Amino acid sequence: MNTVQRTIRFTLNGEAVSADVPPHWNLVELLQNRFALFGARESCGQGLCGCCTVLVNGTAVTGCLYLAALVDGAEVVTIERAADGDGLDAVQKAFIECGAFQCGFCTPGFILMTRQLLDEKPDPTEDEIRHYLSGNLCRCGAYPEIIEAVRRAARMRKSTS
Amino acid sequence: MAPFELLEPRTLREAAALLASGDATVRPFAGGTAVMLMMKMGVLRPTRLVSLRAIEKRYSGIEAGAGGTLRIGAMATLSTLERSPVVRKEAPVITRTLRTLSNVRVRNVATVGGHLAHADPHMDLPPVLIALGATISTVDAKGGRTIPLEQLYSGYLETTLGRGELISEVTVPRQAPRRAAYLKCTTRSVDDWPALGVAVVLDTASENEGAVVRDARIVISAATDTPKRLGAAESALRGARVDDSVLRRAGDAAASEAAVIGDEHGSAAYKRELLRVYVVRAVRAALARNEG
């Protein structure tokens, strides 16, 4: 059985990188163990909570259920990539202004998913927001503030575009 | 997770050949969301995973053929299916079902073929596609075959696929002019695994006083070990003008005929009562839709 590490090359937050990975590692393990990126974190381990959200080729995936070896050749973006130059983007600002978190553990996933939602639907209804974010859990229960933050971010993005 | 060897064949035939050895520890891997979960839990310990992600692109496509028949490549992701304009046009019940199927990230990665072949009875698309009359095509070393989707399932997490046999394509007849609905009952939160799923597809002749059912297909999931058609409930509707007493007979027939099993989402007794109620609601929901 050839279970030795393989070398993968991919783009990580805009930079070309390579890494040696065991075939059974998931994407979160790759980011944490090889690149010291801890924004995507495994929480439920089952794809339900969204704390491990990572973008692969522009699409949100569940990092803890994604084999690391399969990002070979892909473009990977994590929460660590500055959204807007060195500053915060509309979604991050809106989450701060609305107090849309307490402990912050789930926040990277919520931010990345909200960006995806607003890219797809710049002016989502509350129903669309709730459906889109149903795979992200906030155990502090900041849901009302999170929904308000998504609406606020939508308005901010509209006024600057 | 235990280590394994990861293979990435370039063609579906090559993948099927790699899986044909008869070694049960060599497993296919499509989107991998279910396989990763099972490996993490330790219930699946493969020595080799055969990834299907590098096979021919045509197995990821979705197109509508003659008469609006949908041809869905097994490697199409659930998100591709959800966003497909031809699916929305030819079988809108599929588009509606996907909205509450797992979550966005899982739909972005999970594939149609994997969703069907996993054979977890809590999945949403099997009852919907069976009710619509879908067939699947498979590929193996000897060639392949085409079977009605309902013949894929033989038990809890068990299918009639042979070793080295992979689903290549799903064919779904156009929904219209039939009316269709899929309802599921989740007992903890809206995005939970269902305690019961009910798919209803009705061929109706509309008249002034209401709908007369020419034909009915009712398929349930999550409450039985495999997706199951409910013949007695279908018979209660067939040829009838739908009113409260007809609906009650259909619900009662469903509750008596189904071999309901309990799980962590509800006891068998509870699910049987859900079934009595949800068959009625699903028929009403199908009739309320005017998308033929």
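Tutor: Two residues count as in contact if their C-beta atoms, placed from the backbone, lie within 7 Å. Keep in mind that this is a predicted model.

Student: OK, so how many residues does each chain bring to the contact between A and B?

Tutor: Chain A brings 25 residues and chain B brings 22 residues.

Student: Which elements of chain B give two or more residues to that side?

Tutor: They are β1 (5-7), α2 (33-41) and α6 (104-109) of chain B. The most comes from α6(B), with 5 residues.

Student: And how do the residues on chain B's side divide into nonpolar, polar and charged?

Tutor: There are 11 nonpolar, 5 polar and 6 charged residues on the side of chain B that touches chain A.

Student: Switching to chain A. In what sense do β1 and β2 pair?

Tutor: Strand β1 (residues 6-12) and strand β2 (residues 15-21) of chain A are antiparallel, with 7 bridges. Within that pairing, A:I8 sits opposite A:A19. The hairpin has 2 residues between the strands, and A:N13 has a positive phi near 50 degrees.

Student: What about β1(A) and β5(A), parallel or antiparallel?

Tutor: Those two run parallel, joined by 2 bridges; β5 covers residues 75-77 of chain A. A:L12 has A:V76 as its bridge partner there.

Student: Last one: where is A:Q102?

Tutor: A:Q102 is in the loop between α2 (90-97) and α3 (107-120) of chain A.

Student: Why does A:Q102 count as partly exposed?

Tutor: Because A:Q102 has 14 C-beta neighbours inside 10 Å, and a residue is buried at 20 or more and exposed at 12 or fewer.

Student: What is A:Q102 in contact with, leaving aside neighbours within four places in sequence?

Tutor: A:Q102 is in contact with A:C140 and A:A142.

Note on methods: Residues numbered from 1 in each chain as written. Chains lettered and ligands numbered in written order. Predicted model: local features only at pLDDT ≥ 70, side-chain atom pairs only at ≥ 80, totals over all residues. Pairing = 2+ DSSP bridges. Helix = DSSP H or I, 4+ residues; strand = E, 2+ residues; numbered from the N terminus. Nonpolar A, V, L, I, M, F, W, Y, C, P; charged D, E, K, R; others polar.
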